[in-house]
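Me: I would like to go through the labels given to this structure and ask what each one rests on.

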Amino acid sequence: ATPGGQLSAEDLVLLNAVALLPAVTVLLKPMWWPALMVCYCISYINQKFGGFWFTDGMDTELLEVGFLTMVLSMSLTLFDWEEKGSFSESLLPRERERERGREGERRMSAVQSLNTAARRRLSSVSSMSSMSSMTSSPSIAGDRDLPTVCLSLSEISMALLQFRLFFSAGLVKLGGARCWREGTCVDNFLQNQQAPNEFSWYISTYAPLPMKMAGQFFVMPVAEVILPWLLLGVIFTVGPLRALRRWLASRSWTVKQLTRFPVRFFGAALVCLLLMLLFLSGNFGYLHLVCLVPVLACLSTDRDIPPPRSGGVYTTVVPWIVLGLLTFAFLPSFKAYAWMLHGSEYTGTFLEPLMDSQPIRLAEDMSLGIPYYRQKFFSHPYAKQNIWVLSAQVDGDWVELDVPFKAGRPDRRPAWVGPFFPRFGVSWWYLSQGQAFFRSSELEETIADPAWMIAFMDLLCRGQATAWSFVDAEPLGGRQTKAQRVAVQLYNYKFAPPGSEAWWMRQSYGNVSWPVLGTTRLERACDTRVPQTR
């Protein structure tokens, strides 16, 4: 089994191979939400029973985004997408507003031809009619149209998820290391992150300091403190806030021009830019691609949707299921919003009993409404790139063994593996940080536990073929079964300067005391009499 897990590696591989079928299905047919539900269930099994290698932040993010995407897909099935053409022009918001404007001008010219008393009476009626049309039109807000309400709330849930993720990250950094406020954390991030790639080396080596500081300013506070508020612009397109926005726009030319600015699109586009830059600058797996999903839901400015389906049990029952699932997913996030307001998860005497109820605990177990600020170790820069290096003694000679996708020999080019996530290779980086790095985090006594590495060294000593397949054993020339000793040594890595023949510079810590493992060098003697196992 994987470390801390209840499923074997073979079971996990088989399970995720099965997941390819619904994944491809939903890629081709996005509104086949049962396929999304199967994908969510398999992801949940991976995280809950796959061990602490599946407790990374992107795994919890994948579960919440997957759940809300499934609900959004359910909402889209409530509309008649086969009926085309007849509704297209009539549902475009700007076209509808232009038509209202032309109708208002015709009414005004008719009113001006009447006497003063009649003019006042008709003006009052016209004003009431205009306000009524603002609040009752179902094509955008759908306040009285349940399917459209479901669709709007699904999009709002996506926006709130992204707001909670980015704004929490920004607040954590504001109260974290000093370099986040001084604009000097970029070098530490690029060089000491969990799996730097070749692009990280080029930026860290060749980009001037002002460019790096400008990039950090774009990340924090712009993208993680300011832009999340723009994503909430979707709230002003539904319900009473939409009616208020239109009423204010009708009273002031300045407000009208401001309301025409695509705030939501502008904020979402800049956040997309940030996510793609982060994706290129390091091997964070599919984290940033998953984060793109709720951002894309905030990009739309005009919507062209068909009319809701009419009649049938499905269109009667599913809207209420959607509203129930959205409520179920939203309620746990009250703890996160409470922390944003006053630095504590305490939600008050009225909501606290609800937060301790069984449904809320179930939602939290499903990674819904998750408080991203709990992973507070991201608020501090990675001060050093410490890496455990594996080696084996064969015929009296020590031979270094590279673990793919992690720093190893200085002349080895940093790998670029995203959107794939080499969990085994990255776990060596987590382990080298020690438990102190993860203190006050949910990962403190799981991912920093060295028991899995010691067990892996024992498997290498026994010549297990699966264990040896995880390392580059080519330098041994097929002599794996003759290994006499296996050792790990802790090194400190830094990017090599331009013009060097290597990508890395490294320095051994020797054999000194080290947290968790107790020492910076650990050796295991191999019993060559033990037969090779599989």
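The exchange below sets values against definitions.

Me: What kind of model is this, and how are its residues numbered?
Reply: This is a predicted model, in which local features need pLDDT of at least 70, side-chain atom pairs count only at pLDDT 80 or more, and totals for chains, interfaces and linings use all residues. Residues are numbered from 1 along each chain as its sequence is written, and side-chain values use heavy atoms, with hydrogens and water left out.

Me: How many helices and strands does the protein chain have, and what makes a helix or a strand here?
Reply: The protein chain has 23 helices and 5 strands. Both are DSSP runs, numbered from the N terminus: a helix is H or I over at least four residues, a strand is E over at least two.

Me: Why is S357 called buried?
Reply: Buried means under 20% relative accessible area, exposed means over 50%, and partly exposed is in between (1.4 Å probe, protein chains only). S357 has 18% relative accessibility, so it counts as buried. Its place is in the loop between α19 (352-355) and α20 (358-365). Over the protein chain of 534 residues, 47% count as buried.

Me: What makes the approach of the S357 side chain to L354 a polar contact?
Reply: A polar contact is a pair of N or O atoms within 3.5 Å; within protein, one must be able to donate a hydrogen and the other to accept it, and residues adjacent in sequence count only if both atoms are side-chain atoms. The side chain of S357 reaches the backbone oxygen of L354 at 2.6 Å.

Me: Which backbone oxygen lies 3.2 Å from a polar atom of the T315 side chain?
Reply: That of G312. T315 belongs to helix α17 (residues 313-330) and has a relative accessible area of 15%, so it is buried. Apart from neighbours within four places in sequence, T315 is in contact (heavy atoms within 4.5 Å) with L78, R309 and S310.

Me: Why is the pair of F163 and W229 called edge-to-face?
Reply: Rings of Phe, Tyr and Trp (its six-membered ring) pair if their centres lie within 6.5 Å; planes under 30 degrees apart count as stacked, over 60 as edge-to-face and the rest as tilted. The structure holds 24 aromatic pairs. In the pair of F163 and W229 the centres are 4.9 Å apart and the planes stand at 75°, so the pair is edge-to-face. The pair links distant parts of the chain, with F163 in helix α8 (residues 146-174) and W229 in helix α12 (residues 209-231), 66 residues apart.

Me: Are F163 and W229 buried or partly exposed?
Reply: F163 is buried, with a relative accessible area of 5%, whereas W229 is partly exposed at 49%.

Me: What geometry do W428 and W452 show as an aromatic pair?
Reply: They are edge-to-face, with 5.5 Å from centre to centre and 85° between the planes. W428 is in helix α21 (residues 423-433) and W452 in helix α22 (residues 451-461), 24 residues apart. W428 is buried at a relative accessible area of 0%, and W452 is buried at 7%. F424, W428, W452, F456 and F470 form one aromatic cluster.

Me: What makes K173 count as lying over W180?
Reply: A charge sits over a ring if NZ of Lys or CZ of Arg is within 6 Å of the ring centre and within 35 degrees of the ring normal. K173 lies over the face of W180, at 5.2 Å from the ring centre. The charged end of R521 sits over the ring of W398, 5.3 Å from its centre.

Me: Which peptide bonds are cis?
Reply: Among them are the bond from M220 to P221, with omega near 25°, and the bond from G418 to P419, with omega near 10°. P221 lies in helix α12, while P419 lies in the loop between β2 (397-401) and α21.

Me: Why single out a positive phi or a cis bond?
Reply: Because most residues other than glycine have a negative phi, and most peptide bonds are trans. S367, which is not a glycine, has a positive phi near 65°. S367 is in the loop between α20 and β1 (385-394), and counts as buried at 4% relative accessibility. F405 also has a positive phi, of about 70°, although it is not a glycine. F405 lies in the loop between β2 and α21, and its 41% relative accessibility makes it partly exposed.
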